[in-house]
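The exercises below ask you to read a protein model step by step, with a worked solution after each task. Please keep the sequence and the structure open beside the text while you work.

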Amino acid sequence: DDNGFCPDIYEEDDTLDQAKVIIPRGMVSQRHNFHDLGDEDWIRFDGISEVTYVIEAHSLEGDINFIFDLYDAETETLLVSQDTTSGRYPLEWLSPDEGVYYVRIRSYDAEMYGRDTAYELLMYSFPDIYEQDDSMDQAVVITPDHIPPLDSDDGNWTGSGESQNIY
């Protein structure tokens with residue numbers, strides 16, 4: 001291994017074909033690093049139509065800026081490219097369709113690798129299919145025979161005109 005640094009447990013994950021699965025229900029995290037020159041990490045997830053996904057990374061030891069590239073599996077088309085220096089961070093993306101999507105994570109500085117490159121990759125989604133319901137004007141009617149699945153932490157509004165957390 002270069003520079004005395006070991007690969008993370010997700011290696012080999014340096015290409016789209018080697019992407020490791022991540023299941024973004026709630027918040028999930030993976031610990032990665034850039035163990036050799038040009039190292040990049042790829043993840044794969046099943047996207048659900050009209051669900052928002054958030055992807056972020058936090059350097060654990062050094063000062064790393066990241067680039068995130070989001071790809072469509074069907075066409076391998078780059079959908080979004082964003083870096084942590086752009087001021088538009090974290091990457092937040094609304095899935096237009098169900099399908100498999102890929103994210104490539106790499107260092108903004110391609111020469112950075114080895115020691116002090118460990119990072120925590122976080123991915124989470126807003127799986128509440130009734131979003132946006134965070135105001136009285138957007139309230140979803142709930143009847144006794146149908147209770148929708150709600151995200152209990154986002155202050156959902158019900159048809160009663162009051163903010164409710166439903167568990």
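Two strands are taken to pair if DSSP finds at least two bridges between them. The model is predicted, and the solutions should be read with that in mind.

**Exercise 1. The sheet that contains β9**

Task: Describe how β2 and β9 pair, and then place β9 within its sheet.

Solution. Begin with the pair itself: β2 and β9 run antiparallel to each other and are joined over 6 bridges. Two positions let you check this in the structure, since Ser29 has Leu122 of β9 as its bridge partner, and Met27 stands opposite Tyr124 in β9.

Next, turn to the other neighbour, β4, which is joined to β9 by 8 bridges and also runs antiparallel to β9. Here Ala57 has Leu121 of β9 as its bridge partner.

Now assemble the sheet, which is open, has 4 strands in the order β2-β9-β4-β7, and is paired in the antiparallel sense. Because β2 and β7 each have a single partner strand, they stand at the edges, and one side of each is left without a neighbour in the sheet. Neighbouring strands of this sheet are turned against each other by 15° on average, direction ignored.

Finally, consider the surroundings of β9: 7 of its 8 residues are buried, so the strand is largely enclosed by the rest of the structure.

**Exercise 2. The sheet that contains β8, and Val103**

Task: Establish the strand order of the mixed sheet, and then work out whether Val103 is buried or exposed.

Solution. The sheet is open and is formed by 5 strands in the order β1-β3-β8-β5-β6, with mixed pairing. Its edge strands are β1 (20-21) and β6 (78-83), each of which pairs on one side only. Within the sheet, β3 and β8 pair in the antiparallel sense over 8 bridges.

Then move to a single position, Val103, which is found in strand β8. Ile43 stands opposite Val103 in β8, and although the two residues are 60 residues apart along the chain, their C-alpha atoms are separated by 5.3 Å.

The last step is to judge exposure: the relative accessible area of Val103 is 0%, and because buried means under 20%, Val103 counts as buried. Leaving aside neighbours within four places in sequence, its contacts include Trp42, Ile43, Phe45, Ile55 and Leu70.

**Exercise 3. Salt bridges**

Task: Trace the salt bridges of Glu120 and Arg104, and state which parts of the chain they link.

Solution. A general point comes first: side chains of opposite charge can pair when their charged atoms come close. The structure holds 4 salt bridges.

In one of them, the side chains of Glu120 and Arg31 meet at 3.5 Å, N to O. Since Glu120 lies in strand β9 and Arg31 in strand β2 (residues 27-32), the pair ties together parts that are 89 residues apart in sequence. The exposure of the partners is then assigned: Glu120 counts as buried at 17% relative accessibility, whereas Arg31, with a relative accessible area of 51%, is exposed.

Continue with Arg104, whose side chain meets that of Glu40 in a salt bridge (3.7 Å, N to O). This pair links Glu40 in strand β3 with Arg104 in strand β8, 64 residues apart, and both Glu40 and Arg104 are buried.

Arg104 also meets Asp69 in a salt bridge (2.7 Å, N to O). Asp69 lies in strand β5 and Arg104 in strand β8, so this pair ties together parts that are 35 residues apart in sequence. Asp69 counts as buried at 1% relative accessibility, and Arg104 is buried with a relative accessible area of 17%. Salt bridges that share partners join Glu40, Asp69, Arg104 and Arg106 into one network.

**Exercise 4. The nonpolar core**

Task: Which residues have the most contacts inside the largest nonpolar core, and which strands each supply at least two of its residues?

Solution. The largest nonpolar core has 21 residues, and those with the most contacts inside it are Phe45, Phe66, Phe68 and Ile105. At least two residues of this core come from each of β3 (40-47), β4 (52-59), β5 (66-72), β7 (91-94), β8 (99-107) and β9 (119-126). Apart from this core lies another, of 5 residues, including Leu16, Ala19, Trp42 and Tyr71.

As a last step, inspect Phe68: with neighbours within four places in sequence left aside, its contacts include Ile55, Ala57, Leu91, Arg104, Ile105 and Leu121.

Technical notes. Residues numbered from 1 in each chain as written. Predicted model: local features only at pLDDT ≥ 70, side-chain atom pairs only at ≥ 80, totals over all residues. Heavy atoms only, no water. Core = buried A, V, L, I, M, F, W, Y, C linked by side-chain atoms within 4.5 Å. Buried < 20%, exposed > 50% of the residue type's maximum accessible area, 1.4 Å probe, protein only. Contact = heavy atoms within 4.5 Å. Axes fitted to C-alpha atoms, helices over the stretch in contact; angles between N-to-C directions.
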